[in-house]
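Visitor: Could you take one loop in this model and look at it closely, then work outward from there to the rest of the chain?

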Amino acid sequence: MIQSETLELLEWYRLCQHLATFAATKLGAIASTNLQIPTSQAVSEQLLAQTKEVYQLESQLTTSLSFDGIQDIGDAIKRAELQGILAGDELLAIATTLAGARNLRRVIDNQENIPVLTQLVADLRTYPEIEQEIHRCIDERGQVTDRASQKLGEIRDELRRLRSQINQKLHNILQAKSNAVQEQIITQRGDRFVIPVKASHKDIIPGIVHDTSTSGVTLYVEPNSIVPMGNQLRQTLKREQAEEEAIRRVLTEQVAAVTPDLERLLAIVTTLDLATARSRYSYWLKANPPRFINRESQEIVTLRQLRHPLLIWQQQHEQGHAVIPVDLLISPHIRVVTITGPNTGGKTVTLKTLGLAALMAKVGLFVPAREPVEMPWFDQVLADIGDEQSLQQSLSTFSGHIRRISRILNALGNEEQPNSLVLLDEVGAGTDPAEGSALAIALLQYLAQNAQLTIATTHFGELKALKYEDARFENASVEFDEATLSPTYRLLWGIPGRSNALAIALRLGLKPEVVEQAKTQVGEASDEVNQVIAGLEAQRRSQETKAAEAQKLLQQAERLYKEVSDKAAALQEREKSLRASQEVAVQQAIAQAKSEIAQVIRRLQKGTPTAQDAQQATNALNEITKKFQPAPPPKQKAGFMPKVGDRIRISQFGQPADVLTPPDEDGELTVRFGIMKMTVKLQDIESLDGQKPEPIVKPKATPAPTTPPPQAAPAIRTSKNTVDLRGKRVADAEIELDKAISEANGPIWIIHGHGTGKLRQGVHAYLQQHPRVSSYEPAEQADGGSGVTIAQIS
């Protein structure tokens, strides 16, 4: 009973109605309105996992998850199971529901990293054969189609023939007896075809009168000549109805045979729609997923910027006031929080907000608070909020509170371990203040022992002192702006609040002289306490201002760090790009140099080279070397040594900095870079005019300069070191080759051509076993490629 009372006090059912508006199906809306609260944490975790995965799934899809075609077919399934015959529109609803469920399963199966939803639809059976059979037999209007059976098609053909004959016969009568009819029309009364005949001419067209006009002037007569055809039409219509019923009976039996699977399908689709509604409602609230914590493991209840979901709805849909969030950070050893402060300050709203947040987390909804959202899983949420006064039950305010609190205590007595959330509004109110405060103290001390967390609002000053007597108690208060004489609805922790009753009374229009007289009755001690509390509040506001300024500086530092990092990354990318372009240029220069050297060699190979030719070739090679040899690096400017107060530049970032400390033995110094201090190495800095600092190193002996060994001149192909073996046998070629090797004092070029390749193989085999040949290789493409072999002679 107390559980349902709590849900009503917290206006839980209003929240469920809001949730139902986000459901896509009638079944989902009904389930949302009658939302069941789980009794175990495992079920809540499962519901939260479903909500998270639908949230993730809809963020990945280009469109929202579609529930098109899914209808409430529960009643139809039950009637089919009881051997009733389903109507055409009921069968059509079953077919569209099967198709909609299959589409949902297909969408979920095509996505990754949603194991909970995948498992949910894994056993979903959608019976496409039943769906196809229903669509074959039932059209979009819910009528049985001609193709449903051959017999029905024949009956429908006969009906069309009879109707055509009757119409033709009546048209003939209308033309022949036009003076006796009221209008040239054919109409129906029931299933009989009639024509409007003037009452004064009824004997001209004998027949059966089926209806009369209101004025009595017109009679609707079925002429005797078509009565037999009308009777035949009626009999054919009965045959049609019987055949349609037989077809629908067969389809109903197919549905009845799979009733358990269809009921499971409805349950799965409803669960999926409910999870989708929770996800969409959470997205609309801009809420975040909660994490259930264990306070015994010293975890803190963390609910920052917590907002009341019903007030958010009121603001968005009913042009309500802006929602003021509250911060709830409760240490693990705290069991009772007493909230004090003025009336209309937001104390009761804070209680309801926390209660709804606990219930939302239990049913798998996200909580409208800033991440991280961390709170315990409460077995029960029990509340005494509002006035229980009742004239019918002879209950006063105090009696109503006590009866409800008694039911709360009875509910707590059934728990093995204290794991409930208790919310008490104006505890101990409605009776003598001395006795009420004593009762409130005793009650809160009992709840500190028997409940996981209790939040209580009060005006009793004695309850504010419990924090200093028992470590399980904490104070909080709602802020009051004395400048505007109005509450700010902010929750302040660690500071007991003042009721500010006199200030509020003055703001609400009570005569100033009455308020001044009341102030004289309060007493100096109370006034001193209020001054102390006011001082604490002022100190807290000062600290919050400083914290906000520090946060602003931190954000500036983070932004500056990001800018510097982005610039450094851009510089590195630019350096990488320049290095790559330089490598390409070097490769192109090398290729061009090789080409020009090859041209020099080819000029020497033409004819017999002379000393003048060799000198010209040498000069050409020197020119090529000068052309492609990289320029020597520019000389560095004279080094400098940074001193304290100097302005230098950090090479990596290209940003100036101030020197705070001189370089140490390791060459490291401290600089100020914007609002940050950092340690850099000497080689990472330079003066503002580009000078590099002198490195701090111990003097070392300068090694004697070594003269690099002279490089060998490049081998040049001439007619003397070239042997042409083309057209010769291998044996003859070996004789000439041996002679050329014995006379050579450098590499020789052996021309053997391509041909069948036997001469090349024989030459290579001979070179491989010759003692003076150190190596051999094919010539460059410009010198003949694989048709020429260069042998190195040692």
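**A proline in a loop, and its surroundings**

Guide: P418 sits in the loop that joins α14 (397–412) to β11 (420–424). The model is a predicted one, and what follows should be read on that footing. The relative accessible area of P418 is 36%, so the residue falls between the 20% limit for buried and the 50% limit for exposed and is classed as partly exposed. Once the neighbours within four places in sequence are set aside, P418 is in contact with Q449, N450, A451 and Q452. A C-alpha distance also ties P418 to a remote part of the chain: the C-alpha atom of A448 is 9.3 Å from that of P418, although the two residues are 30 apart along the chain.

Past β11 comes another loop, which runs to α15 (433–450) and holds E426. The backbone of E426 has a positive phi of about 55 degrees, although the residue is not a glycine. E426 counts as partly exposed because its relative accessibility is 22%, which is not under the 20% limit for buried. E426 is also one of the residues touched by T458.

T458 lies in the loop between β12 (453–457) and α16 (461–464). With 1% relative accessibility, T458 is under the 20% limit and is therefore buried. If residues up to four places away in sequence are not counted, T458 touches I339, T340, G341, E426, V427 and L463. Of the residues followed so far, then, P418 is partly exposed, E426 is partly exposed and T458 is buried.

Two other backbone details can be set beside that of E426. Q83, in the loop between α5 (74–81) and α6, also has a positive phi, of about 70 degrees, without being a glycine. Q83 is exposed, since its relative accessibility of 74% is over the 50% limit. The other detail concerns a peptide bond: the one from E371 to P372 is cis, with omega near -5 degrees. P372 belongs to strand β9 (residues 370–376).

Helix α6 (residues 88–109) leads to the helix packing. The axes of α6 and α8 (residues 128–137) come within 9 Å and cross at roughly 140 degrees. That angle makes α6 oblique to α8, because only angles over 145 degrees count as roughly antiparallel. The crossing of these two helices is left-handed. On the α6 side the contact is made by L91, L92, I94, A95, L98, A99 and R102, which meet P128, I130, E131, I134 and H135 of α8. By class, the residues of this contact are nine nonpolar, one polar and two charged.

A second helix pair is formed by α2 (residues 12–20) and α11 (residues 259–285), whose axes come within 9 Å and cross at roughly 100 degrees. Here α2 is roughly perpendicular to α11, since the angle lies in the range of 65 to 115 degrees. L15, H18 and L19 of α2 meet A277, R278 and Y281 of α11. The contact divides into four nonpolar residues, one polar and one charged.

Further along the chain there is an open sheet of five strands, in the order β18-β17-β16-β15-β19, with antiparallel pairing. β18 (676–681) and β19 (685–687) stand at the edges; each has a single partner strand, so one side of each has no neighbour in the sheet. From one strand to the next, the twist averages 45 degrees. Within the sheet, β15 (residues 647–650) and β16 (residues 655–659) pair in the antiparallel sense over four bridges. I648 has A657 in β16 as its bridge partner. The hairpin of β15 and β16 has four residues between the strands, and in it G654 takes a positive phi near 70 degrees. β16 also pairs with β17 (residues 668–673), again in the antiparallel sense, over two bridges. In that pairing D658 has R672 of β17 as its bridge partner.

Technical notes. Residues numbered from 1 in each chain as written. Predicted model: local features only at pLDDT ≥ 70, side-chain atom pairs only at ≥ 80, totals over all residues. Heavy atoms only, no water. Pairing = 2+ DSSP bridges. Axes fitted to C-alpha atoms, helices over the stretch in contact; angles between N-to-C directions. Parallel < 35°, antiparallel > 145°, perpendicular 65-115°, else oblique. Left-handed = near helix turned anticlockwise from the far one by under 90°. Contact = heavy atoms within 4.5 Å. Nonpolar A, V, L, I, M, F, W, Y, C, P; charged D, E, K, R; others polar. Buried < 20%, exposed > 50% of the residue type's maximum accessible area, 1.4 Å probe, protein only.
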